[in-house]
Amino acid sequence: MNPESAQKRISFGYNRDGARIIINEGQAACVKLIFDYYLHDKSLAEIKDILEGANIPSPQNKPIWGKQTLSNILSNPHYLGSDTYPAIITQDAFDKVQYLKTKK
């Protein structure tokens with residue numbers, strides 16, 4: 001995505017600062033938590049329950065998390081960083097999650 005574009009939606013874990021995309025520290029911590037739980041063998045349903053039990057709002061700012069939303073977060077390459085997006089997740093963590101997703 002071009003940061004100068006008129007596209008309004010950006011990935012969960014980020015905010016706009018003028019033309020730049022910056023990390024939203026609170027949401028980024030949630031993204032890291034989701035990756036960490038998945039890497040520690042938690043299912044999407046378990047992660048959903050944990051986030052909801054901790055009253056962490058979803059990307060839609062709702063109290064309920066969808067398993068598809070979690071799956072999308074775990075598959076989103078923006079979290080690796082690019083010219084547009086700063087990195088939130090390491091390449092190693094991302095690669096391990098992608099491998100685990102193929103096994104489940």
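**Figure 1. Helix H1 and its exposed residues in the predicted model.** Glu 25 and Gly 26 are exposed on the other side of H1 from its buried residues. The model shown here, and in every view below, is predicted. H1 covers residues 25-39. It has 15 residues. From its first C-alpha to its last it reaches 21 Å, close to the 21 Å expected at 1.5 Å a residue. The buried residues of H1 are Ala 28, Cys 30, Val 31, Ile 34, Phe 35 and Tyr 38. They cover an arc of only 155° around the axis, so they sit on the same side of H1. An α-helix has 3.6 residues a turn, so residues three or four places apart point the same way. What do the buried residues of H1 pack against? Their partners are strand E2 (20-23), helix H2 (44-53), H3 and H4.

**Figure 2. Helix H4 and its buried face.** H4 runs through residues 91-103 and has 13 residues. At 1.5 Å a residue it should span 18 Å. Its end C-alpha atoms are 19 Å apart, which agrees. Which residues of H4 are buried? They are Ala 93, Phe 94 and Val 97. Seen down the axis of H4, these buried residues fall within an arc of 100°, so they line one face of the helix. On the other side of H4, Tyr 99, Thr 102 and Lys 103 are exposed. The cover over the buried residues of H4 includes helix H1 and H3.

**Figure 3. Helix H3 and its packing.** H3 spans residues 67-75. Its buried residues are Thr 69, Leu 70, Ser 71, Ile 73 and Leu 74. They pack against H1, H2 and H4. H3 also appears among the elements against which the buried residues of H1 pack. It is likewise part of what covers the buried residues of H4.

**Figure 4. Lys 67 in helix H3.** Lys 67 lies in H3. Is Lys 67 buried, partly exposed or exposed? Its relative accessibility is 47%, so Lys 67 counts as partly exposed. Leaving aside neighbours within four places in sequence, Lys 67 is in contact with Leu 44, Ala 45 and Lys 48. Helix H2 runs through residues 44-53. Pro 77 is 10 residues from Lys 67 along the chain. The C-alpha atoms of the two are separated by 18 Å.

**Figure 5. The largest pocket.** About 240 Å³ of space lies in this pocket. Its lining is made of Arg 9, Ile 10, Ser 11, Phe 12, Gln 27, Pro 59, Gln 60, Thr 69, Asn 72, Ile 73, Asn 76 and Tyr 79. Which element gives the most to the lining of the largest pocket? Helix H3 does, with three residues. By class, the lining has five nonpolar, six polar and one charged residues. Two of the lining residues, Thr 69 and Ile 73, are also among the buried residues of H3.

**Figure 6. Asn 76, a buried loop residue that lines the pocket.** Asn 76 sits in the loop between H3 and H4. Its relative accessible area is 15%, so Asn 76 is buried. Not counting neighbours within four places in sequence, Asn 76 is in contact with Ser 11 and Phe 94. Ser 11 is another residue of the pocket lining. Phe 94 is one of the buried residues of H4.

**Figure 7. Tyr 14 in strand E1.** Strand E1 covers residues 14-17, and Tyr 14 is found in it. Tyr 14 has a relative accessible area of 3%, so it is buried. Which residues does Tyr 14 touch, not counting those up to four places away in sequence? They are Ile 21, Ile 22, Ile 23, Asn 24, Gln 27, His 78, Tyr 79, Tyr 85, Pro 86 and Ile 88. Gln 27 and Tyr 79 also line the largest pocket. Leu 70 is 56 residues from Tyr 14 along the chain, and their C-alpha atoms are separated by 16 Å.

**Figure 8. Asn 55 and Asn 61 in the loop between H2 and H3.** Most residues other than glycine have a negative phi. Asn 55 has a positive phi of about 60° although it is not a glycine. Asn 61 also has a positive phi, near 60°. Asn 55 is found in the loop between H2 and H3, and so is Asn 61. Are these residues buried or exposed? Asn 55 has 66% relative accessibility and counts as exposed. Asn 61, at 64%, counts as exposed as well.

Note on methods. Residues numbered from 1 in each chain as written. Predicted model: local features only at pLDDT ≥ 70, side-chain atom pairs only at ≥ 80, totals over all residues. Heavy atoms only, no water. 1 Å grid on protein atoms, 1.4 Å probe; cavity = no way out; pocket = protein on both sides within 12 Å on 5 of 7 lines; lining within 4 Å. Points joined across faces, edges and corners; volume = space filled by probe spheres on them. Helix = DSSP H or I, 4+ residues; strand = E, 2+ residues; numbered from the N terminus. Nonpolar A, V, L, I, M, F, W, Y, C, P; charged D, E, K, R; others polar. Buried < 20%, exposed > 50% of the residue type's maximum accessible area, 1.4 Å probe, protein only. Contact = heavy atoms within 4.5 Å. Expected span 1.5 Å × (residues − 1). Arc of directions from axis to C-beta.
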